[in-house]
Amino acid sequence: MISIVAHRGWSGAAPENTMAAFKLALTEPDIAIIELDVHLSKDGVPVVIHDHTLDRTTSGTGRVKDCTLEDLRELDAGSWFAPEFSEERIPTLEEVLQLAKGRCMLHVELKTMGNVYEGIEEKVINLIHRHEVKDQVVLSSFDHHSMKRANEIDPSIKAGLIFLGNPTLLIDQLHYTGATSVSMHYYFVTHELVNEMKELEIDLGVWTVDDSDTLASIVEQYPDIRITTNYPDRLLRIARQGSVRF
């Protein structure tokens, strides 16, 4: 069964990591998961934006960590995509949890590295508990030590490891961190890996696939995988034409 993940919301049709992109993704019942990225503001509030800096997707400049939530709220986070999104702002994680509660799974990527956001795991987990959505959330990160910390704080919240390359000692890494989910670039997925993860009951997904031919190839080869895309509409069309189960 294919699981469709809307990357940073439906980011092919609305500015990434904004409420507009999340709301659009929630209109399609066959989108199983929304993926989003979390940093901490200067005053310690989990906010939803991909880059460590503001320059690419907002009207601001500089680092996210150097701005208070009030500073971030003043920025335009949508005009870079299209003029009609000029009112979009950087959301807080709390706003996204409230929006999605009871409606969709969330993959929340913590954009930490080293100690850049000390305590981010506890802050995010506290919000998850406050809004009673722990069964709806999978935490993930390229920083595997962060996932180990998250698992130690609350092992009942699922944790996932993200990889760019072809990992070695993958099983050891999963055991060490307590993670039950793996996300990797689609270049590195193999039938051997898919079968191994299935046997271990580890959720496996690939990112980020936008090209229609590549999407069709992955759907054909791996009909039981999680696929992250900026264009859920392309994947939905391919899957429905092939009568793939969601």
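Me: Which residues lie nearest the centre of the second largest pocket, and how many residues line it?

Reply: The second largest pocket is lined by 17 residues, and His7, Glu35, Glu109, Ile162 and Trp207 lie nearest its centre. This is a predicted model, in which local features need pLDDT of at least 70 and side-chain atom pairs count only at pLDDT 80 or more, while totals for chains, interfaces and linings use all residues. Residues are numbered from 1 along each chain as its sequence is written, and side-chain values use heavy atoms, with hydrogens and water left out.

Me: Why are His7 and Trp207 called lining residues of a pocket?

Reply: On a 1 Å grid over the protein atoms alone, a pocket is an open set of points with protein on both sides within 12 Å along at least five of seven lines, and lining residues have an atom within 4 Å of a point. His7 and Trp207 are among the 17 residues that line the second largest pocket, so each has an atom within 4 Å of one of its points.

Me: What makes Leu193 a contact of α6 with α7?

Reply: Contact means heavy atoms within 4.5 Å. Leu170, Ile171 and Leu174 in α6 meet Leu193, Glu196 and Met197 in α7; therefore Leu193 has a heavy atom within 4.5 Å of α6.

Me: Which classes make up this contact?

Reply: The contact of α6 with α7 has 5 nonpolar, no polar and 1 charged residues. Asp, Glu, Lys and Arg count as charged, so Glu196 is the charged residue.

Technical notes. On a 1 Å grid over the protein atoms alone, a cavity is a set of points where a 1.4 Å probe fits but cannot get out, and a pocket is an open set with protein on both sides within 12 Å along at least five of seven lines; lining residues have an atom within 4 Å of a point. Helices (H or I, at least four residues) and strands (E, at least two) are DSSP runs, numbered from the N terminus.
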